[in-house]
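This report concerns the fold, the core and the charged pairs of a single protein chain. The sequence and the structure are shown below for reference.

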Amino acid sequence: TGAVLGPQSIRKELCNLPCWFSRELQLFDAGDVRCADGDLEGAQGALAEVVERLLGLGYFPILLGGGHEAAYGHFNGLKAHLGRAPAIVNFDAHFDLRPYPDGGTSGTMFRQIADDCAAVGELWAYLCLGVQRYGNTVDLFKTAERLGVQYVLSKDLADMSASRIAEILDGFTAPRSDLYVTVCADVFSSAFAPGVSAPQPLGMDPEQAFRMLAGLFQTGKVRGFDVCEVSPRFDQDSTTANLAKVLVFSAVRALAQLRGVSID
């Protein structure tokens, strides 16, 4: 609930972007999926239906969060449209693999996805970039290992060469035909993203994330993208919403380039 006004704050910053979009590239606001009655599963189901319908109409979905639990609905919408589970690339300080005996939360969705895939005998693939050692319990690291999650710690990314990062991304994306890319704003250093519920003093530098995102979009395999966990009540001068705005702009620019459309 702390991030409920995130989409509104990101939209406000998006309004300030200069646009040189051609007729070949059109953007539409599909509105909001709300969880006003506390029915999280119902809202996630509604979101999945919206994503599936948008994809069926030929649109590329870019979701604005809101809590990261939106990832469960986004993933299920992509899976319903594709007929198979897309591989997940998550920029996040946390694995979000917690157990969910009392229902899903913003910390359980990738565990839910893993369980859903296992229930029908479907393989899943999950790469988490920017994980904080101090932000996840020992049990969560053990769960990640058991489920075959690939991950890179934030402290390791900070010292990693661009060629090594590209190698990791290529190794994960090459065998896969479809990618779902999701960004949790708390992956970034609090200097760039103070407006989150779990700020990271030693988080990722956005420039590094932009380079990785560019590489992912260049594969032509990304089917959906979202930015989540922007919490305006903790934000300072809309710094986090501004960062989310640039992430969205970068995604649109990358998609336009794939279609041979320049927005520069």
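The sections that follow move from the whole chain to its cores, its helix 1, its salt bridges and two individual positions.

## Overall fold

The structure is a predicted model. Nine helices and six strands make up the secondary structure of the chain. The radius of gyration is 17 Å, close to the 18 Å that the globule rule gives for 264 residues, so the chain is as compact as a globular protein of that length. The C-alpha trace spans about 50 × 40 × 40 Å along its principal axes.

Of the 264 residues in the chain, 48% are buried. When contacts between residues at least 6 apart in sequence are considered, 73% of them join residues at least 24 apart.

## Nonpolar cores

The largest nonpolar core holds 43 residues, and the members that touch the most others are Phe91, Leu129, Phe188 and Leu216. Two or more residues of this core come from each of strand 2 (87-91), strand 3 (126-131), helix 7 (162-173), strand 5 (179-184), helix 8 (206-218), strand 6 (222-228) and helix 9 (239-258). Helix 9 supplies the largest share, with nine residues.

Leu129 illustrates the packing within this region. Beyond its neighbours within four places in sequence, Leu129 is in contact with Val89, Asn90, Phe91, Asp92, Val152, Leu157, Leu169, Val187, Met204 and Met212. A second core, separate from the largest one, comprises 28 residues, among them Ala85, Leu97, Trp124 and Tyr180.

## Helix 1 and its two faces

Helix 1 covers residues 6-14, and its buried residues are Gly6, Pro7, Ser9, Ile10 and Glu13. Seen down the helix axis, these buried residues fall within an arc of 165°, so they line one face of helix 1. The underlying regularity is that an α-helix has 3.6 residues a turn, so residues three or four places apart point the same way.

The face turned away from the buried side carries the exposed residues Gln8 and Lys12. The cover over the buried residues of helix 1 includes strand 1 (62-64) and helix 9. Helix 9 also gives nine residues to the largest nonpolar core.

## Salt bridges

Side chains of opposite charge can pair when their charged atoms come close. The model contains eight salt bridges. One of them joins Arg11 and Asp32, with the closest N and O atoms 3.0 Å apart. Arg11 lies in helix 1 and Asp32 in the loop between helix 1 and helix 2 (40-56), so this pair ties together parts that are 21 residues apart in sequence. Arg11 is partly exposed, at a relative accessible area of 22%, and Asp32 is likewise partly exposed, at 42%. Asp32 also forms a salt bridge with Arg34, where the closest N and O atoms are 3.6 Å apart. Arg34 is exposed, with a relative accessible area of 65%. Arg11, Asp32 and Arg34 belong, together with Asp29, to a network of salt bridges.

Another salt bridge is formed by the side chains of Asp178 and Arg84, at 2.6 Å from N to O. This pair links distant parts of the chain, 94 residues apart: Asp178 is in the loop between helix 7 and strand 5, and Arg84 is in the loop between helix 3 (70-82) and strand 2. Asp178 is buried, with a relative accessible area of 4%, whereas Arg84 is partly exposed at 38%.

## A buried charge without a partner

Asp186 is located in the loop between strand 5 and helix 8. Asp186 is buried but has no salt bridge. The nearest side chain of opposite charge is that of Arg98, 8.0 Å away, and a salt bridge requires the nitrogen and the carboxyl oxygen to be within 4 Å.

Which residues surround Asp186, leaving aside its neighbours within four places in sequence? The contacts are with Asp92, Ala93, His94, Val196, Ala198 and Gln200. Asp92 is also in contact with Leu129 of the largest core.

## A long-range approach

Leu25 belongs to the loop between helix 1 and helix 2. Leu25 is buried, with a relative accessible area of 14%. Leu25 and Leu255 are 230 residues apart along the chain, yet their C-alpha atoms are separated by 9.5 Å.

Methods:
Residues are numbered from 1 along each chain as its sequence is written. This is a predicted model: local features need pLDDT of at least 70, side-chain atom pairs count only at pLDDT 80 or more; totals for chains, interfaces and linings use all residues. Side-chain values use heavy atoms; hydrogens and water are left out. A nonpolar core is a set of buried Ala, Val, Leu, Ile, Met, Phe, Trp, Tyr and Cys residues joined through side-chain atoms within 4.5 Å. Buried means under 20% relative accessible area, exposed over 50%, partly exposed in between (1.4 Å probe, protein chains only). Helices (H or I, at least four residues) and strands (E, at least two) are DSSP runs, numbered from the N terminus. Contact means heavy atoms within 4.5 Å. Lys and Arg count as positive and Asp and Glu as negative; His and the chain ends are not counted. The arc is that of the directions from the helix axis to the C-beta atoms. The radius of gyration is taken over C-alpha atoms; the globule rule is 2.2 Å times the number of residues to the power 0.38.
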